[in-house]
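Biologist: Could you zoom in on one helix of this model for me and tell me what packs around it? Some context on the whole chain first would help, and please spell out your cut-offs as you go.

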Amino acid sequence: MSEAIISVKNIGVSYRKRKSFFRHDYYQALKDVSFDVMRGETLGIIGRNGAGKSTLLQILSGIYMPDTGSIENHSKKTSLLTLQAGFDPNLCGRDNVILNGMLLGYSKQQIHAKMSEIEAYSELGNFFYEPIKTYSTGMKARLGFATATYLTPEVLLIDEVLGVGDERFRKKANETMEAMIRSDHTVVLVSHSGGVMTKLCDRIIWIEQGVVKAQGEPAAILKAYQNN
C-alpha cells in the first residue's frame, strides 16, 4: 500500500481585501481542507475559478503557510510549475533554469549537465538567452515544463500549463507527463480539461468555495462536477 508523501490536515487560508481606504475585509480561500497525496500517484484538482486550487498548490509547494491546520511534506524536492510564478523576469531563460535548479537542491554542475537537453526540449531557440519578460505565456510554459522534465523534483505540482502553446508542444508535454506517471513520479495537477484529468489522474479532488466537496475515481468525480 502506498504511503502519503504529503498530508494536509484541516488547513485554512485567508486573504485581506481592501474595501475602502481605511477598511479591509477577509476572504477565506480555503476552509478546513484535509487530504493525502500518495507517493507515486497523479492527483488531479478541479474546481471553478476562485475555488482555491492555485492557493492549494502554493501551500503544497511551501510558498505559503496555512493560517490554520498543518501540512506534512515528506518529499526532498517539490516544484510548482505555474504560468504566474517561478521566474525572474529580468533573467534570461538559461539563468532561470539555473536558479530553479538550485532552489530544487541541484548543484550548478548537475544543472549544466542537463542544460542542452532543457534548451532543446523547450524549443525556444535564441529566446532561451533572452529575458523572461520578453516571453509569451506559451514560451514561459515551455521553459517551465522543460526544466521540470530534466530537473525532476520528487513531487511535481502543475497549475494549468498543459493546455498552453501550440498543438504539437501540448502533445509532447502530455507524452512527457504519461512517461512521468509510468515511472512512478508523484504529480499534483490542476486543469480545466476533463479529458486530460481522466487520462492522467489516478484520483481527483473537487474543490468548491474553499472546501473539498468530493474526491475519488476521476470519471465519477468529473461527472458530478460537470452536472453540478
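Modeller: I'll start with the ground rules and the whole chain, then go to helix H4 and its surroundings, and finish with a few odds and ends.

Keep in mind that this is a predicted model, so local features need pLDDT of at least 70 and side-chain atom pairs count only at pLDDT 80 or more, while totals for chains, interfaces and linings use all residues. Residues are numbered from 1 along each chain as its sequence is written, and side-chain values use heavy atoms, with hydrogens and water left out.

First, the overall picture. The chain has seven helices and nine strands; these are DSSP runs numbered from the N terminus, with helices being H or I of at least four residues and strands being E of at least two. Its radius of gyration is 18 Å, close to the 17 Å from the globule rule for 228 residues, so the chain is as compact as a globular protein of that length. (The radius is taken over C-alpha atoms, and the rule is 2.2 Å times the number of residues to the power 0.38.) Along the principal axes, the C-alpha trace spans about 50 × 45 × 35 Å.

Of the 228 residues, 46% are buried. Here buried means under 20% relative accessible area, exposed means over 50%, and partly exposed is in between, with a 1.4 Å probe and protein chains only. Contacts, meaning heavy atoms within 4.5 Å, often bridge long stretches of sequence: among those with a separation of 6 or more, 67% join residues 24 or more positions apart. The accessible surface comes to about 11600 Å², and carbon and sulfur atoms own 50% of that; the areas come from the Shrake-Rupley method with a 1.4 Å probe, and for residues, only the protein chains shown count as cover.

Now for your helix. H4 covers residues 137-150, and three of its residues give a good tour: Arg142, Thr147 and Ala148.

Take Arg142 first. Despite its charge, which counts as positive by my convention, Arg142 is buried at 11% relative accessible area. Beyond its neighbours within four places in sequence, Arg142 contacts Ser122, Glu123, Leu124, Asp166 and Phe169. Glu123 turns up again as a contact of Lys172, a residue of helix H5 (residues 167-182). Lys172 is buried too, at 19% relative accessibility, and besides Glu123 it touches Tyr121, again leaving aside neighbours within four places. Lys172 and Tyr121 are 51 residues apart along the chain, yet their C-alpha atoms are separated by 9.3 Å.

Next, Thr147. What does Thr147 touch, outside its neighbours within four places in sequence? Its contacts are Val97, Asn100 and Ile118, and its relative accessible area is 7%, so Thr147 is buried. Two of those partners, Val97 and Asn100, are among the buried residues of helix H2 (residues 93-103), along with Gly93, Asn96, Ile98 and Gly101. The cover over H2's buried residues includes H4 and helix H3 (108-122). After H2 comes Gly105, which has a positive phi near 100°.

Ala148 looks to another set of partners: Leu81, Pro153, Leu156 and Met180, not counting residues up to four places away. At a relative accessible area of 5%, Ala148 is buried. It sits 10 residues from Ile158 in sequence and 9.7 Å from it in space, C-alpha to C-alpha.

A few loose ends. Two residues other than glycine have positive phi values: Asp32, near 55°, and Gln209, near 50°. Asp32 belongs to strand E2 (residues 24-38) and is exposed at 53% relative accessibility. Gln209 is in the loop between strand E8 (203-208) and strand E9 (211-216), exposed at 60%.

On the cysteine side, Cys92 is buried at 14% relative accessible area, and Cys201 is buried at 8%. Taking a disulfide as a pair of cysteine sulfur atoms within 2.5 Å, the count is zero.

Last, electrostatics in one number: the mean positions of the 27 positive and 24 negative charges are 5 Å apart. Lys and Arg are the positives, Asp and Glu the negatives, with His and the chain ends not counted; each charge is placed at NZ of Lys, CZ of Arg, CG of Asp or CD of Glu.
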